[in-house]
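Got the viewer open? Let's walk through this one stop by stop, with a selection to make at each.

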Amino acid sequence: MNICDNLPLYVYGEMSAQEKQEFEKHLSECENCRNLKETFGEALEARTLRSAPAGVINAIFEKTSRKQPFFASMRMMKLAFAAAAFLLIGIGYFATVSHRDSLYDSYDYSSQSINEMISIDSDMDEYESMFVI
Amino acid sequence: MKHSNLNDSELVRMFKQGDNDAFEEIVTRYQAHVYTYVMSITKNPDLSSDIIQDVFVRVFKKLHKYNEEDKLKNWLFTLARNITMDYYRKNSKKLMPLETQEEDELSLINALPEDKPQPIDIVLANSRAQSVNEALEKLSLEERELIALKDSLTFKEIAEMQNKPIGTLLSKFNRALGKLRKILSEAEPEVYNEYMR
């Protein structure tokens, strides 16, 4: 390999101390390498890393490290199901209770039935008095 | 522990132990390197954005099984290269380089905002940088790719990545540099003679 080909290694500092020393000697003798080294300097100066747009970085995080795990969403669904079931049971329970209340309400408190109840009581009083005597 | 203080191998190990912040540090550390590299091939910001998303999503999925922690950077560029080439194969029309000037390229007008006059040296430097960047765009895909990889990797690493001898890479690099020099001398002979002899 031609020693001139090693110029990039020299410019990028990828040579050992001894290689560097040898190449610097060559550089002092080779006009072509000196000229190319100038072009190198300009090219390196002009090169700058371009950062990806912030939205792209966020999109990467959303798709990877910050993605909601599948099982976590399953857990949320289970919770939602549990809440819905609880609600249905609750509604069912209260509907039944109010139905029972309506059963009590169906007792007949009319004056006729009250009189019947009083007459039973009075029969009992008579019975008791007979027994006591 | 601050993740930015950790080296690549430590980050990979922590990620394998379930630390997603370690992955985010890898993305933060290398996104600009990978984006610049992909841009040098596609010259298309939107496509490059899509590609780097693919690259890092794939890294996230495969990193658990990756055993060569010390070669993470190489692996990232290899993945980026393969994914970009896949895009090339599938959507060759979309990958036509943009004719319009890219947003972040420095122009003389950008270098001279009305409210902040800049020293003439900065203006000239920006103008020279623009000329060099334009000249770089005229190089072949392979040459652009090599120069872009050199922003992030050593010649030894590139040789390993591309499975080529270092000597071949150095010859190509010098050829690209010679071409760059010729393009610059033809485009702006005065500037070239003044600043680059």
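Start where the two chains meet: across the interface of chain A and chain B, the rule finds two salt bridges. Bear in mind as you click around that this is a predicted model.

**Stop 1: a charged pair across the chains**

Select Arg66(A) and Glu24(B) and show their side chains. The two form a salt bridge, with the closest N and O atoms 2.8 Å apart. Side chains of opposite charge can pair when their charged atoms come close. Now colour by secondary structure to place both ends: Glu24(B) sits in helix α2 (residues 20–42) of chain B, while Arg66(A) belongs to the loop between α4 and α5 (70–105) of chain A. If you widen the search to the whole structure, 12 salt bridges turn up over all chains.

**Stop 2: the chain A face**

Next, select everything in chain A that touches chain B. You should get 33 residues of chain A, in contact with 44 residues of chain B. Between them the chains bury about 3600 Å², and 62% of that is on carbon and sulfur atoms. Which residues of chain A lose the most area to chain B? Pick out Arg47(A), Leu49(A) and Arg50(A), which together account for 22% of what that side buries.

Switch on polar contacts while you are here: 13 residue pairs are found across the interface, both partners at pLDDT 80 or more. On the chain A side, the elements giving two or more residues are α1 (7–11), α3 (31–46) and α4 (54–63). Highlight α3(A) in particular, as the largest share, eight residues, comes from that helix. Colouring this side by class gives 18 nonpolar, seven polar and eight charged residues.

**Stop 3: a cavity lined by both chains**

Now turn on a cavity display. The whole structure holds three cavities of 30 Å³ or more, and the one to zoom in on is the second largest, with about 60 Å³ of space.

What lines the second largest cavity? From chain A, select Tyr12(A), Phe40(A), Ala43(A), Leu44(A) and Arg47(A). From chain B, add Ile147(B), Phe173(B), Leu177(B) and Leu180(B). Two helices each supply at least two residues of this lining: α3 of chain A and α9 (166–187) of chain B. By class, the lining has eight nonpolar residues, one charged and no polar.

End on Arg47(A), which you have now met twice: in the interface and in the cavity lining.

Note on methods
Residues numbered from 1 in each chain as written. Chains lettered and ligands numbered in written order. Predicted model: local features only at pLDDT ≥ 70, side-chain atom pairs only at ≥ 80, totals over all residues. Heavy atoms only, no water. Contact = heavy atoms within 4.5 Å. Buried area = accessible area lost by both parts, 1.4 Å probe. Salt bridge = Lys/Arg side-chain N within 4 Å of Asp/Glu carboxyl O. Polar contact = N/O pair within 3.5 Å; in protein donor to acceptor, adjacent residues only side chain to side chain. Helix = DSSP H or I, 4+ residues; strand = E, 2+ residues; numbered from the N terminus. Nonpolar A, V, L, I, M, F, W, Y, C, P; charged D, E, K, R; others polar. 1 Å grid on protein atoms, 1.4 Å probe; cavity = no way out; pocket = protein on both sides within 12 Å on 5 of 7 lines; lining within 4 Å. Points joined across faces, edges and corners; volume = space filled by probe spheres on them.
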